[in-house]
Amino acid sequence: PTMMGQTTHGSGMMSRSTTSTKLATTPTASHKLALPPLLKPDRSDANAVSYTVTAQKGAMAFKDGRKTQTLGYNGNYLGPVLQVKQGQTLNITTKNQLNEATSFHWHGAVVPGEMDGGPHEPVAADATKQVSFKVTQPAATLWFHPHVMGSTAKQVYQGLTGLIYVNDQASQKLNLPHDYGKDDFPVIIQDRQFSAANQFDYDKAYSADGTTGPTLLMNGTLNPYVNVKTKLVRLRLVNGSNARNYHLTLSNQQAMQQIADDGGLLARPVAVKKLALAPGERAEVVVDTNKLAAGQPLAVMAGKQRVLQLRLAKHRRTSGQLPTKLATLPTVDTAGAQHQSLTFSGMGHMVAINDQTYSAKRIDLTAKVGQPQVWTLKNARGMMSGRSHPFHLHGVQFRILSINGKQPPANERGWKDTVDLASGSTVKIAFTFKNRGIYMYHCHNLEHEEQGMMGQIKVS
Ligand code: C2O
Ligand code: CU
């Protein structure tokens, strides 16, 4: 048996080689896109909503033949959608029914450090932990996944990923598609490698530079399609892959209208022909099918590979026009800011931030609640580079000030919690911590993270 945490595989430290496996051509779309269930609250009122989320083992028939051994939240694979309104307190009873430790990290949530579910808040096998925090941030598509040292990447790969939808009054008044599973679909994009026996053999698929696979699963569905019965369709795209970057397009070269970044709505819709999505990032887009005839082929593509087929019904309901104004984003306040800088370097087993790998015992940075932060993030170019590193920071949403000295593109001017650092690039971000605690920042290539491309900041 393979020992936990042992890495006898991977591509060797000095090889620059293979960054990711090639995606295989998908045959015709044959399965209806699975929809994560909307989780029923245990209790809810105007001020609070309570859920129970259980990490458990499962088995899934992704394809013909043997079932795949999986992990899931409240089910076999992936997890449900937790809904919460801005202003409500979110109470979650987290239960671990695995036979190893896990944790429940709320990616993108603005939370006090001890509720964040990072490596300092593990939940032992068979244990239960109560989590509670007030949701103050605007409407957004957030997600949750494990964050325990040594098994984050493997547990995510096996299926531990769920969604949190934050709703708010301002966005509810907008005329945006919001009918779950009718004109508003979550699309969690993951790549996997199936063994000959249909299993996710993480240790075999493993690469120290990022575990990838040739097979795409969307919400755990192979070759999915959705029936489109409205003129406007909203897709909440989530890159839930361990290490693969996607560049998404529509098969007819039409632009998508991006309406939200990781942490909320953009000021206005932005037409995007090619949407880059790094591990951990989310983007909400609206696809306008007004000018398309029924039966016309349409799909979301990743290069030549189909991510999701959109089957256009003959009579599609009109929900009117996409609003031209979506949200008022505050201007970024950097007065009196504390400046910090992080340099990401290396690949495979040699990754580091400011030349150090993660230590639970070391606090790397400090900050004060309420004091603006300006961080300069660099992806060093050098011998051991060539990889991009999707930077993610816990506990806050930030704004991008610049990418290589230039204004970020219009679709990256909203709230972000993850930003891809391309090789050799410099990205400046600004934000302000609202809560105290110890927070992680790391590369969201989960294998890089496990290899120690992570640090911690103490906010007091
Ligand atoms: Cu999505 Cu620190 O993680
Ligand atoms: Cu990385």
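Two strands count as paired here if DSSP finds at least two bridges between them. Hi everyone, keep that in mind, please, for the sheet I'd like to begin with. And a reminder before we go on: this is a predicted model.

So, the sheet. Six strands make up an open sheet, in the order β1-β13-β21-β20-β15-β18, and the pairing is mixed. At the edges sit β1, residues 31-32, and β18, residues 275-277, each of them pairing on one side only. Inside that order, take β20 and β21. Strand β20 covers residues 299-302 and β21 covers residues 305-317; the two run antiparallel and are joined by four bridges. If you want a residue pair to click on, V300 has L308 in β21 as its bridge partner.

Let's step back to the whole chain. How is the chain divided into domains? Domain 1 takes 31-170, domain 2 takes 184-317 and domain 3 takes 338-459. Between domain 1 and domain 3, the centres, taken over C-alpha atoms, are 24 Å apart. These two domains touch: 16 residues on the domain 1 side are in contact with 18 residues of domain 3. On the domain 1 side, helix α1, residues 152-158, gives the most, with three residues. By class, that side of domain 1 has eight polar, six nonpolar and two charged residues.

What does the database record say? The UniProt entry, which is unreviewed, lists "domain: Plastocyanin-like" for residues 56-170, 215-293 and 325-459. Looking at two of those spans in the model, residues 56-170 are 40% strand and 8% helix, with 36 Å between the end C-alpha atoms. Residues 215-293 come out at 62% strand and 0% helix, and there the end C-alpha atoms are 30 Å apart.

Now for the inside. In soluble globular proteins, nonpolar side chains tend to be buried together. In this model the largest nonpolar core has 97 residues, and the members that touch the most others are I164, V187, I189, M218, L237 and V285. Let me pick V285 from that list. Beyond its neighbours within four places in sequence, V285 is in contact with L235, L237, M256, Q257, Q258, I259 and L275. There is also a second, separate core of 11 residues, with L71, V156, L160 and F200 among them.

Staying in that part of the chain, have a look at P269, in strand β17, residues 264-272. Is P269 buried or exposed? We call a residue buried when 20 or more other C-beta atoms lie within 10 Å of its own. P269 has 24 of them within 10 Å, so it is buried. Leaving out residues up to four places away in sequence, P269 touches Q257, Q258, I259, V286, L322 and L326. For a longer view, P269 and P36 are 233 residues apart along the chain, and their C-alpha atoms are separated by 26 Å.

A loop residue next: S207 lies between α3 (202-205) and β12 (215-218). S207 has 20 other C-beta atoms within 10 Å, and therefore it is buried. S151 is 56 residues away along the chain from S207, with 14 Å between the two C-alpha atoms.

Let me finish in domain 3, which spans 338-459. Strand β22, residues 338-345, pairs with β25, residues 373-379, in the parallel sense over seven bridges. Within that pair, the bridge partner of S341 is T376. Strand β22 also pairs with β23, residues 352-353, this time antiparallel and over two bridges. There, S345 is matched with A352 as its bridge partner. The hairpin of β22 and β23 has six residues between the strands, and G346 in it takes a positive phi near 90 degrees.

My last stop is β26, residues 389-393. Why describe β26 as largely enclosed by the rest of the structure? Because five of its five residues are buried. Both faces are covered, with H389, F391 and L393 buried on one side and P390 and H392 buried on the other. Strand β26 runs antiparallel to β28, residues 418-421, through four bridges, and antiparallel to β30, residues 437-443, through three bridges. H392 is a nice residue to end on: it stands opposite T418 in β28, and its bridge partner in β30 is H442. Thanks for listening!

Terms used:
Residues numbered from 1 in each chain as written. Chains lettered and ligands numbered in written order. Predicted model: local features only at pLDDT ≥ 70, side-chain atom pairs only at ≥ 80, totals over all residues. Domains from an automatic or database assignment. Contact = placed C-beta atoms within 7 Å. Nonpolar A, V, L, I, M, F, W, Y, C, P; charged D, E, K, R; others polar. UniProt positions renumbered as here; feature names shortened; annotations may be inferred. Core = buried A, V, L, I, M, F, W, Y, C linked by C-beta atoms within 7 Å. Buried ≥ 20, exposed ≤ 12 C-beta atoms within 10 Å, placed from the backbone.
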